[in-house]
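Please open the model in a viewer and keep the sequence panel visible. The tour below proceeds by selections, each followed by what is to be found there.

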Amino acid sequence: MQMQKNYDHKLYEEEIIKRWEEAGIFKARNDTAKKPFTIVLPPPNASGKMHTGNVLMIAIEDILIRWHKMKGEETLWIPGTDHAGTETQITFERELKKQGKSRFSYNRQDFYEEVWKFVQANKTLVEGQIRRMGAGVDWSRNKFTLEPEVVSLVCKTFEKLYQDGLVYRGDYMVNYCPKCGTTYADIEINHIERVDPLYYIKYGSLVVATVRPETKFGDTAVAVNPADTRYKDWIGSEIEVEGLSGKFKLKVIGDEFVDPKFGTGVVKVTPAHDPNDYEMGKKHNLATVKVIELNGKLTEVAGKYAGLSVFTARKQVVDDLKAKGLIDKVDEHYSHSVAVCKAGHDVEPTILPNWFVKMDSLRKPALEAVKEGRVKIYPKWRTLTYIRWMENIHDWAISRQNIWGIRIPVWYSSKENPNLIVSFINTDGTVVNGRLAELLRNYTLEDIKKGLQVLMAPAESKYKISVEKPSEDCLQETDTFDTWFSSGQWPLAILGYPESEDFKYFYPTNVLETGWEILSKWVSRMMMLGIYLTGEPPFKNVYLHGIVRALDGRKMSKSLGNVINPEEYIDEFGVDALRMGLVAGTATGKDFSFPRDRIVGYKKFANKLWNVARFIEPVLAAKQSSDSSTNEDDQWILHELELVIEKVDSSLEKYRFAEAAEILYEFIWHKLADVYLEKVKDRREEASQTLSKALDICLRLLHPFMPFVTEAVWKEVFLDEGLLISQEWPESK
Ligand SMILES: [Zn+2]
């Protein structure tokens, strides 16, 4: 049968995927006679659709998998999807809002189940997209990050870290709404402009300006800008301040953060109740004194104001300061930005105990593995980013106040912890919020457990860390793990650590390929946790691709309206062209604009290859090839072919994917088609053996890059040989 005039990707892509699947090409076996080659697919977010970055990632990893498979290795590429805690929960809540609901309409358990259903539907979409890309993944090993085995591993790791003394509860600043009784993620907070009085208060010989005089009991310094000549000499000294209950001393610190134009240029520093002061406090080693409780009332440190709500206390404090002559002036029309929760309440930046992992002992071996070259990072210049990050890493806050995620296995006895702040949905459907001891006067522990939304445990709470529930009178922590804590164990989880045959055979994996922007968030955590649990880094090589930007070179974002949907490009140009275009774009590993022109170019290239095959195919069918040719042109193209094999191999070994693609493009288009085919057009049959060999090798070399058109041509020309993906990789002599 004659080949069609043009290559139409729409006629072939789905059929070829089915042929690979039916042949079970990508199902890996634990074949100890062969060398394993493993890649763990960075799991795309299960709640969304694939973006261009995912497409690039799949293209590069598929090149590696097909190349190594054809070289005879036992390849395993494991797919999966990620629950993406905060992001997914927020996406789901946007959906709920359309129905007039929020997470507060559900108890914890019901909300989790609702998100689960929502994610399952989207997960199928993402998996369909990975498949459509032609990704040679092993679907029989597909996993989702919230499956029971993953949850179990992650909880056990936390327990082990705790037993090894690497877990502690520490202060962390969060956006807390005392009225809602819960914390909010940064992106859930709204900032509104509001006019409030700005009070100028005398602090010894200095005057500070603040809108929150009631937090003054938590001041642990005053700060000025070091470049502000008015106050330069004060830095490092102590001032004596006349307060509401006697005199006290405060240190004057210098910090660039202070805006000399705000108020008098002197600010009070209250690390427990302001995110900027919190940062300054850490930098200058200031004490953190808590003035406001989780219920929104002032603490003991406020003396006679203790127990008052923030607004009542503010008024009384101002009145008393005025009476003492400590207010210099009041600006009644100060307009400023205020953080409010979804319900419009003022958000109280609050120090809440969160769970931390100590980094020091974990980072050392992870740093050494890279410094000693046991783990190599490509492009090489990214190595420094990794080293810098690891050298400066802080302890890691791993708890998140989300429902959607892996619940931390920490337990609070209701008897030992009367001060837990609990919010739950009562049997009559109302939300009840308060101190546990008080709630237990009117409700049973069972009711509270059943309707539990969120609990907050003050710093002094007694807890047990254990994968199993220690006793019936316990409430489980409602915080979940930071998604990076669970995905930091992904290579282990997906390979069935510690007992499975997969783990024994395929670990450590060969290449971890991902976008450079998650080098610190993800790659470093996998390194630390992988080494901690197994003694070995989870991968030998790391390849980091650049970020795909919009056509205009800016970051893609919904608000700019410049987001590119890869599926439109697949429809128009085919998977091969999209893959090649993106791979060519990331030549340097730096960020790059979406390469539309290249994609158009590679669609033409797919067609060129098709036409080269149409030229050669008739003489192959005629089977009139002679043995080795002594013709000069034949000798030339065969020699060039040898060079191409060498160059493609050497580029791939150095992770230079764009370079390898370019070599193949140049050879096929400009040497094979433009020069050689022109020269032999009148002696095609005589040259048939050389033509056959040239096409055969080009198809094999190009297959990892453009799997569809090569497989389609192969079927037209070399059908008797089976699938192209099952052929051997060409070797140069
Ligand atoms: Zn609120």
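Two residues are taken to be in contact if their C-beta atoms, placed from the backbone, lie within 7 Å. The model on display is predicted.

Begin by selecting Ala661. Neighbours within four places in sequence being set aside, Ala661 is in contact with Met580, Val583, Ala584 and Phe705.

Next, extend the selection to the largest nonpolar core, which comprises 136 residues. Ala661 is among the members that touch the most others, together with Ile60, Leu578, Val583, Leu664 and Leu695. Colour helix 2 (residues 52-70): with 11 residues, helix 2 gives the most to this core. Both domain 1 (30-166 + 360-402 + 480-545) and domain 4 (595-726) supply at least three residues to the core. Apart from this core lies another, of 55 residues; select Ile201, Tyr231, Leu439 and Ile448, which are among its members.

Now move to helix 6 (residues 275-284). Which residues of helix 6 are buried? They are Asp277, Tyr278, Met280 and Gly281. These residues lie on the same side of helix 6, because they cover an arc of only 165° around the axis. Display strand 5 (167-177), strand 9 (221-224) and strand 12 (266-269), which are included in what covers the buried residues of helix 6. Just after helix 6, select Asn285, which takes a positive phi of about 60°.

Finally, select the open sheet of three strands, ordered 22-18-23 with antiparallel pairing. Strand 22 (464-465) and strand 23 (474-476) are the edge strands, each pairing on one side only. Three antiparallel bridges join strand 18 (residues 410-413) to strand 23. Centre the view on Trp411, which stands opposite Gln476 in strand 23.

Terms used. Residues numbered from 1 in each chain as written. Predicted model: local features only at pLDDT ≥ 70, side-chain atom pairs only at ≥ 80, totals over all residues. Pairing = 2+ DSSP bridges. Helix = DSSP H or I, 4+ residues; strand = E, 2+ residues; numbered from the N terminus. Core = buried A, V, L, I, M, F, W, Y, C linked by C-beta atoms within 7 Å. Buried ≥ 20, exposed ≤ 12 C-beta atoms within 10 Å, placed from the backbone. Domains from an automatic or database assignment. Arc of directions from axis to C-beta.
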